[in-house]
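Got your viewer open? Load the model below, keep the selection tool handy, and follow along stop by stop.

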Amino acid sequence: MASLSDLPIRDDLRGLTPYGAPQKHVRYALNVNENTHPIPEAVARDIVTSLAHAVLTANRYPDREFTALRESLADYLGHGLTREHVWAANGSNEIIQQLLQAFGGPGRRVLGFPPTYSMHPIITAGVGSTWVTAERDADFEIGPETAVRAIERHTPDLVFLCAPNNPTGTGLSLETIAAAYDATDGIVFVDEAYAEFMPKDRPTALTLLPGRERLVVSRTMSKAFAFAGVRVGYLAADPVIADALRLVRLPYHLSALTQAAAVAALAHTPEMLAMVDDIIGQRDRIIAELPELGYRPWASEANFVLFDGVDDPQATFNALLERDILIRDVGISNALRVTAGTAAETEFFLRSLAELG
Ligand code: PMP
């Protein structure tokens, strides 16, 4: 068998290994921040009916502009947004890729604040852009001054913020986002994959969109909507941003089946989001109980908890795996991250940790 080094592959890809969380078949998969609640059966039935219609016309290419889906997503987001403000792709990872294809590319710099979502630097590298970083404040926060100082130092073409931040769960203030916007002429990208889990008094970056044509807010149906397997991510921004992405997207990138499934699910938004409050309750229980077990959780505005005080993260990870629980080592020393799922999962996770002593 040939090896990659025999191929005329891009120099910057030589020696790299593909990224991806381990996919293990375990009873308790709490490692990739999915919504572990199943889709309600009545909703699933409606989705299947819509899919059947889409299959019957699958000989034709899908709506290249996914108009119905953008309409449904704009309705869902509210904030006065219309379908012209919305753009969708196969997961928010593809949204990020398209954004970087249009506004990044070779020779351009993308500023991020690690620890943050691991795909941000990877997609940046994939389009040939340079990932530059700045430190966060205490407790993984980013204050307005910190953001502005980093932008003045690095003069990036894009600023990547993640709110709430993965893997820490940290929230981000609108003051920081607005200050970052004013400090740059580039694109300010706010990844709100976990927005539905934020406290009710935490405003979304969507409220900042009017008058800020370089601000882009992305969301996903993978988390709160329990739709990770379907692959639907989307952004809200000035309509001119969608015009830019039309220049780089592949024609018909969203299949007719994806569009049909997502529109059907969005028609059942209240049922689809019924689990969110429960998940927030599980997250808060994990945060409340971890200190009793000798661990220090960080505050989280998302559907996962990062906790410190793990003497040997690899040993704890493996001991949990032996009990059929998969969590995540996110490369932060003495810390691990766990997804908040169902009450049964929380119970089993906490009991198992207690047994490890
Ligand atoms: N952004 C963040 C912050 C995430 O944590 C994830 C998934 N883990 C994504 C984007 C990508 O999700 P998807 O491609 O499924 O929309």
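**Stop one: a helix with two sides**

Select Asp 277 and Ala 288: these exposed residues sit on the face of helix α10 that is turned away from its buried side. Keep in mind as you look around that this is a predicted model.

Now colour the whole of α10, residues 274–289. Try putting a distance between its end C-alpha atoms: they are 24 Å apart, and since 16 residues at 1.5 Å a residue should span 22 Å, the two values agree.

Next, pick out the buried residues of this helix: Met 275, Ile 279, Ile 280, Gln 282, Arg 283 and Ile 286. Turn the view until you look down the axis of α10; the buried residues fall within an arc of 160 degrees, so they line one face of the helix. Why can residues that are separated in sequence end up pointing the same way? An α-helix has 3.6 residues a turn, so residues three or four places apart point the same way.

**Stop two: what covers that face**

What covers the buried residues of α10? The cover includes strands β9, β10 and β12, along with helix α12 (343–356). Show the three strands together with α10, and you'll see the helix lying across them, running at about 10 degrees to β10.

Hide the helix for a moment and look at the strands alone. They form an open sheet in the order β9-β10-β12, and the pairing is antiparallel. The edges are β9 (296–297) and β12 (336–339), each of which pairs on one side only. Zoom in on β10, residues 304–308: 4 bridges join this strand to β12. To see two residues facing each other across that pair, select Val 305 in β10 and Val 338, which stands opposite Val 305 in β12.

**Stop three: an annotated lysine**

Jump to Lys 223, in the loop between β7 (215–220) and β8 (233–237). An unreviewed UniProt entry annotates Lys 223 as a modified residue, "N6-(pyridoxal phosphate)lysine". Is Lys 223 buried or exposed? Lys 223 is buried, because 27 other C-beta atoms lie within 10 Å. Leaving aside residues up to four places away in sequence, Lys 223 touches Asn 33, Asn 35, Ala 193, Tyr 194 and Asn 303.

**Last stop: zoom out**

Finally, select residues 30–351, where the unreviewed UniProt entry places the domain "Aminotransferase class I/classII large". This span is 39% helix and 14% strand, and its end C-alpha atoms lie 15 Å apart.

Conventions:
Residues are numbered from 1 along each chain as its sequence is written. This is a predicted model: local features need pLDDT of at least 70, side-chain atom pairs count only at pLDDT 80 or more; totals for chains, interfaces and linings use all residues. Two strands pair if DSSP finds at least two bridges between them. Two residues are in contact if their C-beta atoms, placed from the backbone, lie within 7 Å. Axes are lines fitted to C-alpha atoms, for helices over the stretch in contact, and angles run from 0 to 180 degrees between N-to-C directions. UniProt positions are given in the numbering used here, feature names are shortened, and annotations may be inferred rather than shown by experiment. A residue is buried if 20 or more other C-beta atoms lie within 10 Å of its own, exposed if 12 or fewer, and partly exposed in between; C-beta atoms are placed from the backbone. The expected span of a helix is 1.5 Å times one less than its number of residues. The arc is that of the directions from the helix axis to the C-beta atoms.
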